[in-house]
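Biologist: I would like to learn how to read a helical model with you. Could you show me the model, please?

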Amino acid sequence: MPRFPRLRQAGSGKSALLVQSPHPHRVMVHERPVSADRVERRAMAIWPRLDHRALHRCQGDPARIAAQVARRTKMTTKAIRKLIADK
């Protein structure tokens, strides 16, 4: 059995076409809580220079966002959580 069955030998008169998938890296869609966007927007409003991609990876979890923000401020994570928590 040939190693690459779709490829033909050189000089066979026909060229092999390898079809690429239009979406080689599919992104899984995750369900996010409704409050996740509000928490992220609140954090971005208070600290506008935060990386929005890093906040989005936190998936709206106030504890994870607080840990991200605490690297840039002198505030404690507990205080940050109180500021951005969805009441």
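Modeller: We will go from the overall fold to the helix packing, then to the core and a few single residues. Please keep in mind that this is a predicted model.

Biologist: Let's start with the fold. How many helices and strands are there in the protein chain?

Modeller: The protein chain has 4 helices and 0 strands. Along the sequence, the pattern reads α-α-α-α. Of its 87 residues, 17% count as buried. Among the contacts with a separation of 6 or more, 34% join residues 24 or more positions apart.

Biologist: Now the packing. What describes two packed helices?

Modeller: The general idea is that a packed pair is described by the angle between the two axes and the distance between them. Here, take helix α3, residues 62-70, and helix α4, residues 77-84: their axes come within 9 Å and cross at roughly 125°. That angle makes α3 oblique to α4. The crossing of the two is right-handed.

Biologist: Which residues of α3 and α4 make the contact?

Modeller: From α3 there are Pro62, Ala63, Ile65, Ala66, Ala67, Val69 and Ala70, and they meet Thr77, Ile80, Arg81 and Ile84 of α4. Sorted by class, this contact has 9 nonpolar, 1 polar and 1 charged residues.

Biologist: What about a pair of residues across these two helices? I see Ala79 and Ala66; what is their C-alpha to C-alpha separation in space?

Modeller: Ala79 and Ala66 lie 8.5 Å apart, C-alpha to C-alpha, with their positions 13 residues apart in sequence. Ala79 belongs to helix α4 and is partly exposed, at a relative accessible area of 29%.

Biologist: Let's turn to the core. Which residues make up the largest nonpolar core?

Modeller: There are 11 residues in all: Val39, Ala43, Trp47, Leu50, Leu55, Cys58, Ile65, Ala66, Val69, Ile80 and Ile84. The elements giving two or more residues to this core are α1 (34-46), α3 and α4. With 3 residues, α3 gives the most.

Biologist: Could we follow one of those core residues? Setting aside neighbours within four places in sequence, what is Val69 in contact with?

Modeller: With neighbours within four places left aside, Val69 is in contact with Trp47, Leu50 and Ile80. Trp47, Leu50 and Ile80 are also among the members of the largest nonpolar core.

Biologist: And Leu55: is Leu55 buried or exposed?

Modeller: Leu55 sits in helix α2 and counts as buried because its relative accessible area is 1%, where buried means under 20%. Not counting residues up to four places away in sequence, Leu55 touches Glu40, Ala43, Met44, Leu50 and Ile65. Its C-alpha is 6.5 Å from that of Glu40, although the two are 15 residues apart in sequence.

Biologist: Glu40 comes up there, and Glu is a charged residue. Is Glu40 buried or exposed?

Modeller: Glu40, found in helix α1, is buried, with a relative accessible area of 11%. Beyond its neighbours within four places in sequence, Glu40 is in contact with Arg32, Leu55, His56, Gln59, Gly60 and Ile65.

Biologist: Gln59 is in that list. How should I read its backbone, starting from the general idea of phi?

Modeller: Most residues other than glycine have a negative phi. Gln59 is not a glycine, yet its phi is positive, about 55°. Gln59 is placed in the loop between α2 (52-57) and α3. At 46% relative accessibility, Gln59 counts as partly exposed.

Biologist: One last stop, back in helix α4. What is Leu83 in contact with, leaving aside neighbours within four places in sequence?

Modeller: Leu83, in helix α4, contacts Arg42, Ile46, Trp47 and Met75 once neighbours within four places are left aside. The C-alpha atoms of Leu83 and Ile46 are separated by 8.9 Å, and the two residues are 37 apart along the chain. Leu83 is partly exposed, with a relative accessible area of 40%.

Conventions. Residues numbered from 1 in each chain as written. Predicted model: local features only at pLDDT ≥ 70, side-chain atom pairs only at ≥ 80, totals over all residues. Heavy atoms only, no water. Axes fitted to C-alpha atoms, helices over the stretch in contact; angles between N-to-C directions. Parallel < 35°, antiparallel > 145°, perpendicular 65-115°, else oblique. Left-handed = near helix turned anticlockwise from the far one by under 90°. Contact = heavy atoms within 4.5 Å. Core = buried A, V, L, I, M, F, W, Y, C linked by side-chain atoms within 4.5 Å. Buried < 20%, exposed > 50% of the residue type's maximum accessible area, 1.4 Å probe, protein only.
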